Amino acid sequence: MDTMQLRLFVSAANTLNFSRTAEQFFISQPAVTHSIKILEASLGVRLFNRTSRRITLTAEGLEFLPYAIRALETLSSAEMRLQNMAQGRTGHIRIASLSSLIYHLSDCLVALHKKYPSIQVDIDLLEGTELVNSVRKGAYDFYFSSAEMLTGASSYTFAHIGHGQVELFVNKSIADQIDMDDWNTIKDYPMVSISRSDAWLTGRIARICKNRGITPNIINYYNRAEAAIISVNAGIGIAILPRAPYRLYLLPDVVTFPITGDDAIIDNVFAWKHEQSTTACHLFRDVAVEQLRFR
C-alpha cells in the first residue's frame, strides 16, 4: 500500500467514478482501476462494488475510508512539519479556539510572531462539541474557550480572559419590530441555529428562550455559527449566537441586539496543559498570558 493508492481510493470514494478520479489526477482510468485493485489485494478485501453502470463502496470500503483520510492527513502534517524544521522553524504549537474568541487569539499570535517568528502554529476553529471532544483527547496544547466547555478538564490550567455575550441576530428588515424588553415581539419569527450536536450553545439558547417565556421555532440547523449568520443576512430566520462571528463577515443586512441577564454571559478562558514539554509551548503560554492581561 502506498500514498497514491490511498489518494486514489479517497477520491474514488468521493466521486464514485473512476474516470472522474483519473481526470483529477491526470492519469488514465485503467491506471486508477489497477491501483485500486492492488490496494484491495494488499488489504484482502473488496473496497468497491462494480457494475457496468456505477461503483459503490462496500461495507469494508466505508469502514476503511476514515482511516485512509486520517492517514493522508497525518502524512501531510508530518511533511509540513519537517519542511518547517528544514527552514529553521523548530518550535511547534497546536491551538484550538471558538470563533467567538479569534480576536483574543489573533492578538496573542501577533505578539508571539514579533518575539518568536520561527515557531510554527497550527490553528483549528472548533464548535462547542468538537472542542469538548478534543479536550478529552488532549488533542491541542492550548484552548481559547468558554470555561464551562472545559469543566472537568483537570489536566489544563485556565486564565480568565473576560466575559463574552450571546446576542440576538436579526435581518435589518425586521429590526424595528424587535423589543428586547418584550420577547413576544420575537417569538413568532423562525429561528436558525447551529447543529443540535453542539449541546453547549443549543442548551444555552434553550435556557435563554425558556427563561423569557418563549419556545423557539427552529427551522434549520447549520454546522457552524457563521453559516447561521449568513442565513440571518438572507432573511431566512433569526438566531441567538455569540457576538464575534458577525464581525468576521460584517454582512450588510444583519442587526444584533444584546441579550441582558446572567444566562447570556459567557466566561471566556485561555487554557494550557499542565505538563508542557516543549520550549515553544512555554514561550506561547507566557506571551499569551501577558498579552491577555493587558488586552
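This is a guided tour of the structure, moving from the whole chain to single residues.

**The whole chain**

Begin with everything displayed, and keep in mind that this is a predicted model. The protein chain has ten helices and eleven strands, and its C-alpha trace spans about 65 × 50 × 35 Å along the principal axes. If you colour by burial, 44% of the 295 residues of the protein chain count as buried. Among contacts in the protein chain with a separation of 6 or more, 71% come from residues 24 or more positions apart.

**The N-terminal helices**

Select helix H1 (residues 3-15) together with helix H3 (residues 29-43), whose axes lie 9 Å apart and pack at an angle of about 110°. H1 and H3 are therefore roughly perpendicular to each other. Show the side chains of Gln5, Leu8 and Phe9 on H1, and of Val32, Ser35, Ile36, Ile38 and Leu39 on H3, as these residues make the contact. By class, the H1 contact with H3 has six nonpolar and two polar residues, with no charged residues.

Now add helix H2 (residues 18-25), which packs with H3 at an angle of about 105° and with the two axes 8 Å apart. H2 and H3 are therefore roughly perpendicular to each other. On the H2 side the contact is made by Phe18, Ser19, Thr21 and Ala22, and on the H3 side by Gln29, Val32, Thr33 and Ile36. The classes here are four nonpolar, four polar and no charged residues. Val32 and Ile36 of H3 are thus listed in the contact with H1 and also in the contact with H2.

Two loop residues in this part of the chain deserve a look at their backbone. Leu16 lies in the loop between H1 and H2 and has a positive phi of about 50° although it is not a glycine; with a relative accessible area of 36%, Leu16 is partly exposed. Phe26, in the loop between H2 and H3, has a positive phi of about 60°, again without being a glycine. Is Phe26 buried or exposed? Its relative accessible area is 78%, so Phe26 is exposed.

**The nonpolar cores**

Next, select Leu168, Ile240 and Leu241, which have the most contacts inside the largest nonpolar core, a set of 47 residues. To see the secondary structure around this core, highlight the elements that give it two or more residues: helices H6 (128-137), H7 (199-211) and H8 (225-233), and strands S6 (156-171), S7 (190-194), S9 (239-242), S10 (254-258) and S11 (265-273). Apart from this core lies another, of 20 residues, with Ile95, Phe142, Phe270 and Cys281 among them.

Centre the view on Leu168 and leave aside its neighbours within four places in sequence: what remains in contact with Leu168 is Ile178, Met180, Ile186, Ile238, Ala239, Ile240, Val255, Thr256, Phe257 and Ile259.

**The aromatic cluster**

The structure holds ten aromatic pairs. Select Phe144 and Phe270, whose rings form a tilted pair, 5.0 Å centre to centre and with 40° between the planes. This pair links distant parts of the chain, since Phe144 belongs to strand S5 (residues 142-146) and Phe270 to strand S11, 126 residues apart. Phe144 is buried, with a relative accessible area of 0%, and Phe270, at 0% relative accessibility, counts as buried too.

Then add Trp272, which pairs with Phe270 in turn: the ring centres are 5.4 Å apart and the planes stand at 40°, so the pair is tilted. Trp272 is buried, as is Phe270. Finally bring in Phe142 and Phe284, which ring pairs link with Phe144, Phe270 and Trp272 into a cluster.

**Arg204**

The last stop is Arg204, which has its place in helix H7. Is this arginine, Arg204, buried or exposed? With a relative accessible area of 5%, Arg204 is buried. Apart from neighbours within four places in sequence, Arg204 is in contact with Glu148, Val166, Asp263, Ala264, Ile265 and Ile266. To relate this position to another part of the chain, draw a distance between the C-alpha atoms of Arg204 and Leu47, which are 157 residues apart along the chain and separated by 43 Å.

Technical notes:
Residues are numbered from 1 along each chain as its sequence is written. This is a predicted model: local features need pLDDT of at least 70, side-chain atom pairs count only at pLDDT 80 or more; totals for chains, interfaces and linings use all residues. Side-chain values use heavy atoms; hydrogens and water are left out. A nonpolar core is a set of buried Ala, Val, Leu, Ile, Met, Phe, Trp, Tyr and Cys residues joined through side-chain atoms within 4.5 Å. Buried means under 20% relative accessible area, exposed over 50%, partly exposed in between (1.4 Å probe, protein chains only). Helices (H or I, at least four residues) and strands (E, at least two) are DSSP runs, numbered from the N terminus. Contact means heavy atoms within 4.5 Å. Axes are lines fitted to C-alpha atoms, for helices over the stretch in contact, and angles run from 0 to 180 degrees between N-to-C directions. Angles under 35 degrees count as roughly parallel, over 145 as roughly antiparallel, 65 to 115 as roughly perpendicular and the rest as oblique. Ala, Val, Leu, Ile, Met, Phe, Trp, Tyr, Cys and Pro count as nonpolar, Asp, Glu, Lys and Arg as charged, and the others, Gly among them, as polar. Rings of Phe, Tyr and Trp (its six-membered ring) pair if their centres lie within 6.5 Å; planes under 30 degrees apart count as stacked, over 60 as edge-to-face and the rest as tilted.
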